[in-house]
Each structure stands twice: as C-alpha cells, then as structure tokens.
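The exercises below are meant to be worked with the sequence and the model side by side. Each opens with a task sentence and is followed by a solution in steps.

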Amino acid sequence: MGLGGFILLIAGGAILTFATDWEMESVNLDLVGVIMMLVGIIGVAVYASVARRRRMVVPPTTTVVSDDDRHHHTP
C-alpha cells in the first residue's frame, strides 16, 4: 500500500468517526474509524521512514589534481 492508501485510511476513518451518525447493532463505527486513522498514521510514519532510508546520496566523482603534481619537474 502506498502513501495515498494510508492517507485514504486516515480520511475514511475521520469520516466514520466525526461525520457520520449511523448506528449498527454489532459494530461501533466510531471505534472502526479511530482504528483506521491509527493504522493510516502508523503507515505514513513507516512509509516515510523507509523512503528516507532508500534515498541514498552518492558523492560526485571528480578527479582531484593537486598543485604539487603539476609544478614538480624532474631533470
């Protein structure tokens, strides 16, 4: 699941928790919404952590020429 899926979990959970007043006999929709939001927040945190580790900085490869090498003459 990507970052968009986790954000959808957060949004769907918030809608179930705060924007609906549906009643079901065997399911507490407020609790389901809170669980969805928690799973979404944990997913975003894990996704950000993994993405930060994947980003690898490669130093540029340049040839270093020192001044000593260019001005040193052998007879």
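**Exercise 1. The buried residues of helix 2**

Task: Determine which residues of helix 2 are buried, and find an element that covers them.

Solution. The model is a predicted one, and the threshold to apply is a relative accessible area under 20% for a buried residue. In helix 2, the residues that count as buried are Leu29, Gly33, Met37, Gly40 and Gly43. The general geometry to keep in mind is that an α-helix has 3.6 residues a turn, so residues three or four places apart point the same way. The next step is to look at the cover, and here helix 1 is included in what lies over the buried residues of helix 2.

**Exercise 2. The chain as a whole**

Task: Place helix 2 within the chain by describing the order of the elements, the share of buried residues and the span of the helix itself.

Solution. Begin with the elements: the chain holds 3 helices and 0 strands, and, read from the N terminus, they follow the order α-α-α. Next consider burial, for which 13% of the 75 residues count as buried. The chain exposes about 6,700 Å², of which carbon and sulfur atoms supply 64%. Turning to contacts between residues at least 6 apart in sequence, one finds that 54% of them join residues at least 24 apart. Finally, helix 2 covers residues 29–54, which is 26 residues, and its first and last C-alpha atoms lie 37 Å apart, close to the 38 Å expected at 1.5 Å a residue.

**Exercise 3. Gly40 and Ile42 on helix 2**

Task: Decide for each of these two residues whether it is buried or exposed, and identify residues elsewhere in the chain to which each can be related.

Solution. Gly40 belongs to helix 2, and it is classed as buried because its relative accessible area is 0%. Leaving aside neighbours within four places in sequence, Gly40 has contacts with Phe6, Leu9 and Ile10. The C-alpha atom of Gly40 is also 8.6 Å from that of Gly13, although 27 residues separate the two along the chain. Ile42 is likewise placed in helix 2, but its relative accessibility is 54%, and Ile42 therefore counts as exposed. A C-alpha distance of 8.6 Å separates Ile42 from Phe6, which is 36 residues away along the chain.

**Exercise 4. Thr17 and the start of helix 2**

Task: Describe the surroundings of Thr17, and then find the side chain that reaches a backbone nitrogen at the start of helix 2.

Solution. Thr17 lies in helix 1 and is buried, since its relative accessible area is 15%. Its side chain reaches the backbone oxygen of Gly13 at 2.9 Å. Once residues up to four places away in sequence are set aside, Thr17 touches Asp30, Gly33, Val34 and Met37. Of these, Gly33 and Met37 appear among the buried residues of helix 2. For the second part, move to Asn28, which sits in the loop between helix 1 and helix 2 and is partly exposed because its relative accessibility is 47%. A side-chain oxygen of Asn28 comes to within 3.2 Å of the backbone nitrogen of Asp30, at the start of helix 2. From C-alpha to C-alpha, Asn28 and Thr17 are 9.7 Å apart, with their positions 11 residues apart in sequence.

**Exercise 5. A nonpolar patch on the surface**

Task: Name the residues that make the nonpolar surface patch, and establish how accessible Ile7 is.

Solution. The patch consists of Leu3, Ile7 and Tyr47, and its area is about 260 Å². Ile7 is a residue of helix 1, which runs over residues 3–19. A residue must have over 30% relative accessible area to join a patch, and Ile7, at 47%, is partly exposed.

Conventions
Residues are numbered from 1 along each chain as its sequence is written. This is a predicted model: local features need pLDDT of at least 70, side-chain atom pairs count only at pLDDT 80 or more; totals for chains, interfaces and linings use all residues. Side-chain values use heavy atoms; hydrogens and water are left out. Patches are made of residues with over 30% relative accessible area and no salt bridge: like charges are joined within 9 Å, nonpolar side chains (Val, Leu, Ile, Met, Phe, Trp, Tyr) within 5 Å. Accessible areas come from the Shrake-Rupley method with a 1.4 Å probe; for residues, only the protein chains shown count as cover. A salt bridge is a side-chain nitrogen of Lys or Arg within 4 Å of a carboxyl oxygen of Asp or Glu. Helices (H or I, at least four residues) and strands (E, at least two) are DSSP runs, numbered from the N terminus. Buried means under 20% relative accessible area, exposed over 50%, partly exposed in between (1.4 Å probe, protein chains only). Contact means heavy atoms within 4.5 Å. The expected span of a helix is 1.5 Å times one less than its number of residues. A polar contact is a pair of N or O atoms within 3.5 Å; within protein, one must be able to donate a hydrogen and the other to accept it, and residues adjacent in sequence count only if both atoms are side-chain atoms.
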